[in-house]
Amino acid sequence: MNVVSTVDPRDGRRRATDLTETDESRLEAIAGQASGAARWLSGLGRLGRAEMLDAIAASLESHRAELVAAAETETGLSHARLDQELTRAALQFRLFGDVLRDGGYVEAAIDHAAETPLGPGPDLRRMLIPLGPVAVFGASNFPFAFSVAGGDTAAALAAGCPTVLKAHPSHPLTSHASAEAIGSAVRGLGGPDGVIATVYGEQAGRALVRHPAIRAAALTGSVGAARAIQAAIDERPDPIPFYAELSSVNPIVVLPGASADRADQIAEGLFVSFTGSGGQLCTKPGLAFVSSDPDGEHLVDALRGRVAASGGTVLLNERIRDAYESGARAFERAGAEVVARPVVDPGVGFTVAPTLLEVGLPGLTAEIADECFGPLMVVVRYRDVADLDAVLATVAPSLTGSVHLGPRDDAAVVRRLADVLAASSGRIVFDGYPTGVRVSWAQHHGGPWPSTNAVHTSVGATSIRRFLRPLAWQNAPEWILPEELRDEYTVIPRRVDGRLEFDL
């Protein structure tokens, strides 16, 4: 068996771990355990699974010190950032506990037998049920919130789906420790092996999505990784859904009135947003459209000063470091000018310098408007707001689009820009920055390809929908129905004979 290694990006040293890549026999055992665990999760019911999710959140928090310490050595992210991310991970599990208790997510609907214009209609009852065991691929940039202890895991377990995690090679020890913390909570409730499991190695990841026990897969990662996973899924005799959150440029438009009103404040916000966490966030703004008038020049000058005075940042792994440096050079060759880049002693590890580039609106090409993962942003200078509509329509669709407006900016202009951004993004941000994704009922973290490959969100309450499928019961005896579809069960929202009913 191949030994799994880990690298500290702060010094670049590779170290062996006690973990090994998952072989075929171990994967087969994991898949079998997951299939058995599906029955246990179903038997818990909504309220039992809500209790399990609360216990998982508490377990993650009780192991906070060791989890954050492991992630620091494997990602180079700061203690404060990782501590906050672990809090978010726990919050996600608790949110889905609330989703389960609410019960509306099952979309329960009852049509009693009745006469219809087409004759006698049968009794029909419908709700969403678990898909079965699912595969989740951990993300490099979120060792907690989008990995083993992440939102995909929380949503899948809430839905009643055992979850097999493919650990990201950038943080195998963090993945292992996270799985242990979750597993201890499940065992504390009498749960079996297979509710959650982790596999290691690229071969294991491909074999996982080909396994007949797996009924869906989810990824937060690159377009290349998504294509590789989809290729493996395509080898199956039966297709399964695959939900991927991928590439995003997240354009920000700063209208002239906003520059006139608060140039320094916006400069600070842009700087923090594109350099925070080393610029390694899927919602990092890669393009900022700023007017060419004196107020816009003041904003860009302030931004240049912040970038020039900043220090180096450690990226997650060697591949990301190399892609960042290659991407910055490609932008320069395509005509973008470097206007601020601090001098940084690379030393050891994967340290890079934040980069601010600038280009005039006519010079914005597809190459410059591409995503560069890391602390890089391109300022695009425009003369007339009316010119932005056509240009924004050519920027690749993203998770987000943002608009900063001032008190004197024309409402019709703002509405037109919002319409353009709405056509190519999943979330429109006003007078703010796309980084920092709230975990809530109303959140939507998705967008048109290539930002995602589906219409679903990967953050927030409705992300549970990815791991459910509808099932209808026709003329079924009451004793065989799920309790949510029995006539006397009225504690969740349901649509009965066409009318929405709740809190009866």
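I began with F274, which in this predicted model has a relative accessibility of 0% and therefore counts as buried, since the cut-off for that word is under 20%. I then looked up F271, whose relative accessible area is 16%, so F271 is buried by that cut-off too.

Next I asked where these two residues sit along the chain, and I found both of them in helix α8, which covers residues 256–275. Because F271 and F274 are three residues apart in that helix, about one helical turn separates them.

I turned to the aromatic rings and noted that the count of aromatic pairs comes to three. One of them is F271 with F274, where the ring centres lie 6.4 Å apart and the planes stand at 90°, so I wrote the pair down as edge-to-face.

After that I stepped back to the protein chain, for which I listed twelve helices and 23 strands. I checked its radius of gyration, which is 25 Å, against the value near 23 Å that a compact globule of 504 residues would have, and I noted that the two agree. For the C-alpha trace I wrote down spans of about 75 × 60 × 40 Å along the principal axes.

I also looked up how much of the chain is covered, and buried residues make up 56% of the 504. Of the contacts with a separation of 6 or more, I noted that 75% join residues 24 or more positions apart.

Last, I turned to the surface and the charges: the accessible surface is about 20700 Å², with 53% of it belonging to carbon and sulfur atoms, and I recorded 45 positive and 61 negative side chains, the centres of the two sets lying 2 Å apart.

Terms used:
Residues numbered from 1 in each chain as written. Predicted model: local features only at pLDDT ≥ 70, side-chain atom pairs only at ≥ 80, totals over all residues. Heavy atoms only, no water. Helix = DSSP H or I, 4+ residues; strand = E, 2+ residues; numbered from the N terminus. Rg over C-alpha atoms; globule rule 2.2 N^0.38 Å. Buried < 20%, exposed > 50% of the residue type's maximum accessible area, 1.4 Å probe, protein only. Contact = heavy atoms within 4.5 Å. Areas by Shrake-Rupley, 256 points an atom, 1.4 Å probe, with all protein chains shown as cover. Lys, Arg positive; Asp, Glu negative; His and termini not counted. Charge placed at Lys NZ, Arg CZ, Asp CG, Glu CD. Phe/Tyr/Trp six-rings, centres within 6.5 Å; stacked < 30°, edge-to-face > 60°.
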